[in-house]
Amino acid sequence: MLILAGLGNPGPKYEKNRHNIGFMAIDEIARRWRFGPERSKFQGIASEGVVDTPQGPQKALLLKPQTYMNESGRSIGEAMRFYKLKPENVVVFYDEIDMAPGRFRMKTGGGAAGHNGIRSTIALITADFRRARMGVGHPGEKELVHGWVLSDFHKVDQPWVDGLTRACADALPFLMLGEDERYQAEVLRLAPAPKADPRRAISAGD
């Protein structure tokens with residue numbers, strides 16, 4: 001079993017923010033694989049389901065922490081302990097400003113790179129979880145980052161946002177089987193994005 005957690009902030013005020021692309025990915029996975037109804041659990045919104053793979057159905061829990069971004073680890077840690085899982089059974093989907101919009105990378109372990117949701121998760125479950133990093137681009141200056149991630153995607157962004165979240169859902173059987181490199185390759189095949197400088201690849205509207 002895997003816990004697939006998306007990072008974001010709760011409530012309609014934040015739902016279209018760049019910081020909430022992790023929630024968007026989890027919502028698309030739930031739709032694509034017809035997960036069960038959402039419930040309030042583990043200080044978050046959770047749903048259970050199965051993903052069909054070449055090795056048979058694999059169970060997963062989808063989780064959207066409702067603790068706000070900076071305390072995401074509380075929710076993820078509670079779910080992990082409940083199911084008696086290890087960090088390697090946790091995959092966290094989140095926004096990555098140091099990657100161009102639409103780029104995607106899998107990684108296990110490492111630091112937080114300034115991401116407070118990842119910092120919280122490391123503090124609560126150790127750094128050994130799997131990360132699904134979803135590029136949203138960089139505003140160019142450090143002091144602009146906070147406003148950038150807490151601002152909505154522009155209309156021009158929607159095609160690549162939709163494409164990336166769909167690809168994360170469609171390629172999911174590889175992730176469920178622990179084939180992270182193959183999962184990454186398939187997501188990028190389904191939703192190709194240029195390897196641009198994240199500080200220069202932001203939306204034309206900014």
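Which residues in α2 meet which residues in α3? In this predicted model, S72, G73, R74, I76, G77 and M80 are the α2 side of the meeting, while G117, S120, T121, L124 and I125 are the α3 side. Sorted by class, the residues of this contact divide into 4 nonpolar, 6 polar and 1 charged.

**Two helix pairs**

Packed helices in general are described by the angle between their axes and the distance between the axes. Here are two pairs set out that way.

| Helix pair | Angle between axes | Axis distance | Handedness |
|---|---|---|---|
| α2 (residues 72-82) and α3 (residues 116-125) | about 40° | 7 Å apart | right-handed |
| α5 (residues 158-170) and α7 (residues 180-190) | roughly 140° | within 8 Å | right-handed |

With an angle of about 40°, α2 and α3 are therefore oblique to each other. For the second pair, the axes cross at roughly 140°. That makes α5 oblique to α7.

Let us look at who takes part in this second contact. From α5 come L164, A167, C168 and D170, and from α7 come Y183, V187 and L190. The class count for the contact of α5 with α7 is 6 nonpolar, no polar and 1 charged residues.

**A closer look at α7**

Helix α7 has several buried residues: D180, Y183, Q184, E186, V187 and L188. What do the buried residues of α7 pack against? Their partners are the strands β5 (90-96), β6 (104-108) and β7 (130-135), together with the helices α5 and α6 (172-176).

One residue that ties into this neighbourhood is F104. Leaving aside neighbours within four places in sequence, F104 is in contact with Y183, Q184, V187 and L188. The contacts of F104 also include L164 and C168, two residues of α5 that take part in the meeting with α7. Completing the list for F104 are M99, A132, R133 and M134.

**The nonpolar cores**

In soluble globular proteins, nonpolar side chains tend to be buried together. In this model, the largest nonpolar core has 39 residues, and those touching the most other members are L4, I29, F93, F104, L172 and Y183. Which helix gives the most to this core? It is α1 (residues 21-32), with 6 residues. Apart from this core lies another, made of 20 residues, among them I3, L7, F42 and Y83.

To bring the threads together, Y183 is buried in α7, meets α5 as part of the helix contact, and is in contact with F104. Both Y183 and F104 are also among the residues that touch the most other members of the largest nonpolar core.

Technical notes
Residues are numbered from 1 along each chain as its sequence is written. This is a predicted model: local features need pLDDT of at least 70, side-chain atom pairs count only at pLDDT 80 or more; totals for chains, interfaces and linings use all residues. Side-chain values use heavy atoms; hydrogens and water are left out. Axes are lines fitted to C-alpha atoms, for helices over the stretch in contact, and angles run from 0 to 180 degrees between N-to-C directions. Helices (H or I, at least four residues) and strands (E, at least two) are DSSP runs, numbered from the N terminus. Angles under 35 degrees count as roughly parallel, over 145 as roughly antiparallel, 65 to 115 as roughly perpendicular and the rest as oblique. A crossing is left-handed if the near helix is turned anticlockwise from the far one by less than a right angle, and right-handed if clockwise. Contact means heavy atoms within 4.5 Å. Ala, Val, Leu, Ile, Met, Phe, Trp, Tyr, Cys and Pro count as nonpolar, Asp, Glu, Lys and Arg as charged, and the others, Gly among them, as polar. A nonpolar core is a set of buried Ala, Val, Leu, Ile, Met, Phe, Trp, Tyr and Cys residues joined through side-chain atoms within 4.5 Å. Buried means under 20% relative accessible area, exposed over 50%, partly exposed in between (1.4 Å probe, protein chains only).
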